[in-house]
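Me: I should like to go through the structure shown below by question and answer.

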Amino acid sequence: MTELLKPEAVETGAGQLKAASVDRFRKYTAVHGIYDGPIPAAIVYPESTADVAAVLRFADENLINVVPRTGRTATEGGLETVVEDSLVLDGSRMNAILSIDPVDMMATTQCGVRLQELEDTLRAQGLTTGHSPQSKPLAQMGGLVATRSIGQLSTLYGGIEDMVVGLESVFPGGKVTRIKNVPRRAAGPDIRHIIIGSEGALCFITEVTVKLFRHQPENNRYFGFLVDEFAHGIAAVRELITAGYRPSVCRVYSPEDARQHFADLYQGKNVVVLIAEGPKGLADATAAAIEELFAGRPHRRVDSGLIRQWFENLNWGQDKIDAERAAMLENAHLGFTTEISVDWSRASDLFEAVMGRIRSEFPRAGDLTMLGAHSSHSYQTGTNLYFVYDYTINSSPREEIEVYHKPLNAIIVEEALRMGGSMVHHHGVGKYRTAWVRQEHGSAYYLLSTLKNTFDPNGVMNAGTIIPLEPGLSACESAG
Ligand SMILES: Cc1cc2nc3c(=O)[nH]c(=O)nc-3n(C[C@H](O)[C@H](O)[C@H](O)COP(=O)(O)OP(=O)(O)OC[C@H]3O[C@@H](n4cnc5c(N)ncnc54)[C@H](O)[C@@H]3O)c2cc1C
């Protein structure tokens with residue numbers, strides 16, 4: 001590998017390699033120093049598209065599995081190196097903001113630019129991408145595109161798939177592809193979507209161009225309402241959204257989930273949080289529609305200053321990750337999440353079905369210290385539900401995933417699919433929802449397996465991600 005890249009671009013330290021074999025799905029075992037899976041052979045840090053192409057050519061020729069990564073905030077096993085002697089291809093040193101264009105309203109970055117850095121640079125110029133995932137301080141542009149990420153302001157600005165104008169990627173064998181930046185095209189299917197959400201299983205994303213918007217926080221209006229039933233909150237936001245309003249933040253928290261966010265104000269109720277944003281006329285019109293909506297519904301009003309304060313402290317940087325690690329070690333206690341999407345008409349039923357099944361079927365229900373959910377991204381046809389579960393581990397650390405995380409995740413995914421929803425709203429399939437990927441796509445799974453077989457015929461890109469790895473078969477044979 002040092003013949004392809006500079007020696008300092010190759011990391012083989014034992015500690016680094018162990019840490020690179022997992023992601024946050026295994027955060028509990030990792031904090032206890034347990035790394036049972038294959039450990040990668042090396043981590044390589046390309047500095048250019050040419051470096052990436054050289055590595056992917058070498059890997060394809062030598063049938064070496066490559067696991068792309070950037071910000072390392074993945075939560076679903078996308079970074080796990082499940083094949084012996086994998087190479088981890090880390091784009092975090094490709095970290096230049098290449099251009100900011102305030103006329104054509106686009107910014108272009110290399111894959112390793114942290115979103116926080118891009119946003120800080122843009123906001124100093126009165127601009128924003130509108131992208132604000134909770135992982136903004138750590139996540140980088142390549143990973144954000146590869147996972148089809150979504151941010152807290154999605155109802156106004158959309159998910160990353162609505163923001164990407166064009167991008168450059170390298171495919172197995174070293175083939176560099178650039179999708180140019182144009183306002184719209186009808187030149188066949190939208191090929192950006194082959195790459196957006198591909199989770200490192202088809203290609204390596206090297207460069208991304210996203211849209212820009214004006215940043216006008218002075219117009220923001222913050223709202224909080226307490227309502228008696230989760231279904232009442234969902235019905236209220238459904239009415240607002242389907243009427244055509246687009247608050248940037250649009251959330252409904254169940255009381256259990258609200259307790260951990262709004263302990264001082266939730267009064268045992270469900271909490272609806274809304275932010276009106278944009279040019280003054282638009283923000284005022286959205287705010288007026290919110291006032292009118294709740295005037296006709298039973299509710300208690302929350303001080304908007306408290307909602308603003310909560311929102312400004314929502315994101316997770318390294319400090320919160322470190323605090324979580326310390327707490328996991330001290331208390332044998334942790335939290336995980338599973339996010340799905342569903343049509344409006346089934347959202348409240350799905351919430352009740354999941355809560356009911358977990359309480360009655362999960363053998364370790366007594367170890368749950370919190371089980372709740374919120375809706376945080378809404379659309380004309382439906383919404384997401386983000387289930388949140390915390391538990392105390394009364395097993396050995398090694399058993400945490402099998403005894404707690406997997407069974408809880410399975411109930412949520414099964415219920416979402418049973419109700420016709422999607423098993424994954426924004427964290428990606430990773431390696432832990434692959435068991436349901438055929439059921440998720442039905443007859444359209446043919447399209448997905450054909451993409452894998454066509455673009456990665458030797459199965460060297462992030463094997464076991466999106467498409468399950470069948471025992472004894474290569475990634476492409478597994479795709480079927
Ligand atoms: C505290 C916390 C909060 C989060 N909040 C949100 C949220 O609000 N919204 C949301 O959508 N997600 C959220 N996530 C999940 C995660 O942060 C996002 O999915 C993020 O987009 C991952 O970006 P990353 O740079 O960290 O990617 P990584 O973790 O490095 O990689 C993620 C996946 O993308 C692939 N990948 C990475 N870089 C590339 C590349 N250059 N080319 C091809 N494939 C690549 C990897 O192989 C992996 O499968 C959160 C995670 C944490 C830990």
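Me: In which loop does Asp85 lie, between which two strands?
Reply: This is a predicted model. Phi of Asp85 is near 60°, a positive value in a residue other than glycine. The loop that holds Asp85 lies between strand 3 and strand 4.

Me: Which residue in the loop between strand 5 and strand 6 should be considered beside Asp85?
Reply: Strand 5 covers 97-101 and strand 6 covers 106-110. A residue other than glycine with a positive phi, near 55°, is Met105. The residue in the loop between these two strands is Met105.

Me: In the sheet of four strands, which strands are the edge strands?
Reply: The sheet is open, with mixed pairing and the strand order 1-2-4-3. An edge strand here pairs on one side only. The edge strands are strand 1 (10-11) and strand 3 (66-69).

Me: Which residue is the bridge partner of Val67 in strand 4?
Reply: Strand 3 and strand 4 (residues 87-90) run parallel and are joined by four bridges. Within strand 4, the bridge partner of Val67 is Val88.

Me: What angle does the direction of helix 3 make with that of strand 4?
Reply: Helix 3 (residues 49-61) packs on the sheet. There, helix 3 touches strand 2 (42-44), strand 3 and strand 4. The angle between the directions of helix 3 and strand 4 is about 165°.

Me: Why is one side of strand 15 and of strand 16 left without a neighbour in the sheet?
Reply: The sheet in question is open, has seven strands in the order 15-12-14-13-17-18-16, and pairs in the antiparallel sense. Strand 15 (300-302) and strand 16 (333-343) stand at its edges, so one side of each is left without a neighbour because each has a single partner strand.

Me: By what angle are neighbouring strands of the seven-strand sheet turned against each other on average?
Reply: The strand order in this sheet is 15-12-14-13-17-18-16. With direction ignored, the average turn between neighbouring strands is 20°.

Me: Which residue of strand 14 is the bridge partner of Arg251?
Reply: Strand 13 (residues 249-253) and strand 14 (residues 270-276) are antiparallel and pair over five bridges. In strand 14, the partner of Arg251 is Val273.

Me: Which helix packs on this sheet, touching strand 12, strand 14 and strand 15?
Reply: Strand 12 covers 221-227, and the direction of the helix makes about 15° with that of strand 12. The helix, residues 280-295, is helix 11.

Me: What share of the ligand's accessible area does the protein cover?
Reply: A polar side-chain atom of Thr70 lies 2.7 Å from an oxygen atom of the ligand, and a backbone N or O atom of Ile150 lies 2.7 Å from a nitrogen atom of the ligand. In the side chain of Asn462, an N or O atom is 3.2 Å from a ligand oxygen atom. On its own the ligand has 960 Å² of accessible area, and the share covered by the protein is 96%.

Me: Which element gives the largest share of the shell around the ligand?
Reply: The elements that give two or more residues are strand 3, helix 5 (141-146) and strand 10 (204-211). The largest share, four residues, comes from helix 5.

Me: How many residues of the shell around the ligand are charged?
Reply: There are 33 residues around the ligand, and Pro68, Thr70, Thr73, Ala74 and Ile150 come nearest. The shell divides into 13 nonpolar residues, 16 polar residues and a charged group. The number of charged residues is four.

Note on methods. Residues are numbered from 1 along each chain as its sequence is written. This is a predicted model: local features need pLDDT of at least 70, side-chain atom pairs count only at pLDDT 80 or more; totals for chains, interfaces and linings use all residues. Side-chain values use heavy atoms; hydrogens and water are left out. Two strands pair if DSSP finds at least two bridges between them. Contact means heavy atoms within 4.5 Å. Axes are lines fitted to C-alpha atoms, for helices over the stretch in contact, and angles run from 0 to 180 degrees between N-to-C directions. A residue is near a molecule or strand if one of its heavy atoms lies within 4 Å of it. A polar contact is a pair of N or O atoms within 3.5 Å; within protein, one must be able to donate a hydrogen and the other to accept it, and residues adjacent in sequence count only if both atoms are side-chain atoms. Accessible areas come from the Shrake-Rupley method with a 1.4 Å probe; for residues, only the protein chains shown count as cover. Ala, Val, Leu, Ile, Met, Phe, Trp, Tyr, Cys and Pro count as nonpolar, Asp, Glu, Lys and Arg as charged, and the others, Gly among them, as polar.
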